[in-house]
Amino acid sequence: MRILYAASEAAPFAKSGGLADVAGSLPKALVKDGVDARVIMPLYGDLKMRDKLEYVTNYSVPVGWRSQYCGLFKAEVNGVTYYFLDNEYYFKRRGLYGFYDDGERFAFFSRAVLETLFYIDFTPDIINCNDWQTALVPVYLNLYYRHLDKFNRIKTIFTIHNIAYQGKYGTDILEDTCGIGHRDQHIVEYDARTFMKGAFEMADKITTVSPTYAQEILDPWFSYGLDALLREKQYKLCGILNGIDMEANNPATDPKIPFNYDVTNFEEGKAKCKEALQDKFGLNKDGSPVFAMVSRMVGMKGFDLVQSVADGLVDRGIELVILGSGENQYETSSLTCAPVTRAAWAPTSALSPPCLRQIYAGADVF
């Protein structure tokens with residue numbers, strides 16, 4: 001089987017959250033099982049490991065009524081081939097998301113994913129798209145490519161990692177930027193013009209990161225307005241539980257943690273890693289438990305709940321380590337805890353794999 005994993009981020013090259021972890025570890029696991037799994041993603045300006053990239057070719061990609069340059073690079077890591085799509089106008093920026101033209105940037109990327117198949121010796125059986133940034137891939141495939149021999153047998157899977165971010169944009173960008181005419185705008189129209197809705201309509205299968213999440217998003221409380229549509233598409237919705245990369249997250253062999261341990265020396269190793277974590281964040285070392293959280297600081301992650309109990313936990317002698325960034329109301333709240341001897345906050349700039357793994361290795365409760 002041949003699978004092309006289309007994602008806006010993938011470890012170890014670019015990461016803002018859990019999507020990158022999955023895009024980096026799932027194809028690696030599939031390759032070990034004999035699947036020809038490859039990853040395709042944007043070539044960002046601050047992409048890591050740029051020295052590993054090999055130039056392949058360049059071509060034009062339709063973006064509405066015009067064409068845009070696309071350079072193709074590739075690299076191989078852990079047996080997985082990664083393709084990188086280069087356009088400096090769209091991607092040579094600091095950071096991955098949050099720009100005024102994100103709709104145009106990822107419409108370009110989605111169309112470029114399909115155009116790339118003309119220039120590589122690889123035709124996937126399945127294209128696995130992830131979150132709104134790749135939601136137009138199934139739409140473009142069915143509107144503009146399905147009639148071609150190279151594309152007529154490709155199936156698409158759309159995976160929801162975070163349903164709160166749906167790619168909502170106005171009608172004004174639909175034809176001019178996305179190349180979706182008035183006749184077809186119903187495909188992405190649902191309360192607003194929503195990229196994710198297009199994937200729900202056109203993908204052969206919709207998956208989520210766990211069976212529980214697949215059920216939750218059928219409820220209005222969790223669906224951010226898409227529950228009725230998902231109930232209509234429930235026949236092709238299922239949840240597949242995210243796993244963990246046991247090689248990258250193994251305290252017995254990880255060179256980035258202060259002390260290696262396994263089941264044979266767990267207590268000693270855990271204690272030394274915990275002490276190093278407390279030193280790193282300026283916490284007490286009096287035997288108190290360390291509770292840790294690594295996440296984007298947004299309401300949908302439950303930070304309002306964390307905020308409401310943080311002082312009570314600290315009052316009971318529990319030490320807190322919170323790593324992340326996001327909405328100002330939560331960042332400000334966490335920053336006020338920083339001088340307290342039993343709580344520490346670190347920004348996303350510290351969100352490097354070594355720091356993450358030191359927290360995993362040293363915390364009593366995660």
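Strands here are DSSP runs of at least two residues labelled E, numbered from the N terminus. I'm working from a predicted model.

**Odd backbone angles**

I went through the loops first. Methionine 49 sits in the loop that links strand E2 (36–42) to strand E3 (54–63). Its phi is near 60 degrees, which is positive although the residue is not a glycine. Buried or exposed, I wondered about methionine 49? Neither: methionine 49 is partly exposed, at a relative accessible area of 26%.

Aspartate 131 is another non-glycine residue with a positive phi, again near 60 degrees. I found aspartate 131 in the loop between strand E6 (126–130) and helix H4 (136–145). With a relative accessible area of 9%, aspartate 131 counts as buried, because the cut-off for buried is under 20%.

Next I checked omega. The peptide bond between alanine 11 and proline 12 is cis, with omega about 10 degrees. Proline 12 belongs to the loop between strand E1 (2–6) and helix H1 (18–32).

**Strand E5 and its partners**

How many residues of strand E5 (residues 80–86) are buried? Seven of the seven are, so the rest of the structure largely encloses E5. In a regular strand, side chains alternate between the two faces of the sheet. I therefore looked at each side of E5: Val80, Tyr82, Phe84 and Asp86 are buried on one, and Thr81, Tyr83 and Leu85 are buried on the other. Both faces of E5 are covered, then.

Then I looked up the pairing. E2 and E5 run parallel and are joined by five bridges. I noted one contact by name: proline 42 has leucine 85 in E5 as its bridge partner.

Strand E4 (residues 66–77) pairs with E5 too, antiparallel this time, over seven bridges. Opposite glutamate 76 I found threonine 81 of E5. E4 and E5 make a hairpin, with two residues between the strands. Asparagine 78, in that turn, has a positive phi of about 55 degrees.

**Helix H9**

I ran a length check on helix H9 (residues 266–281). Its 16 residues at 1.5 Å a residue should span 22 Å, and the end C-alpha atoms are 22 Å apart, which agrees.

Which residues of H9 are buried? I get Gly269, Lys270, Cys273, Lys274, Leu277, Gln278 and Phe281. Viewed down the axis of H9, these buried residues fall within an arc of 165 degrees, so they line one face of the helix.

Last entry: glycine 282, just after H9, has a positive phi of about 70 degrees.

How values were computed: Residues are numbered from 1 along each chain as its sequence is written. This is a predicted model: local features need pLDDT of at least 70, side-chain atom pairs count only at pLDDT 80 or more; totals for chains, interfaces and linings use all residues. Side-chain values use heavy atoms; hydrogens and water are left out. Helices (H or I, at least four residues) and strands (E, at least two) are DSSP runs, numbered from the N terminus. The expected span of a helix is 1.5 Å times one less than its number of residues. Buried means under 20% relative accessible area, exposed over 50%, partly exposed in between (1.4 Å probe, protein chains only). The arc is that of the directions from the helix axis to the C-beta atoms. Two strands pair if DSSP finds at least two bridges between them.
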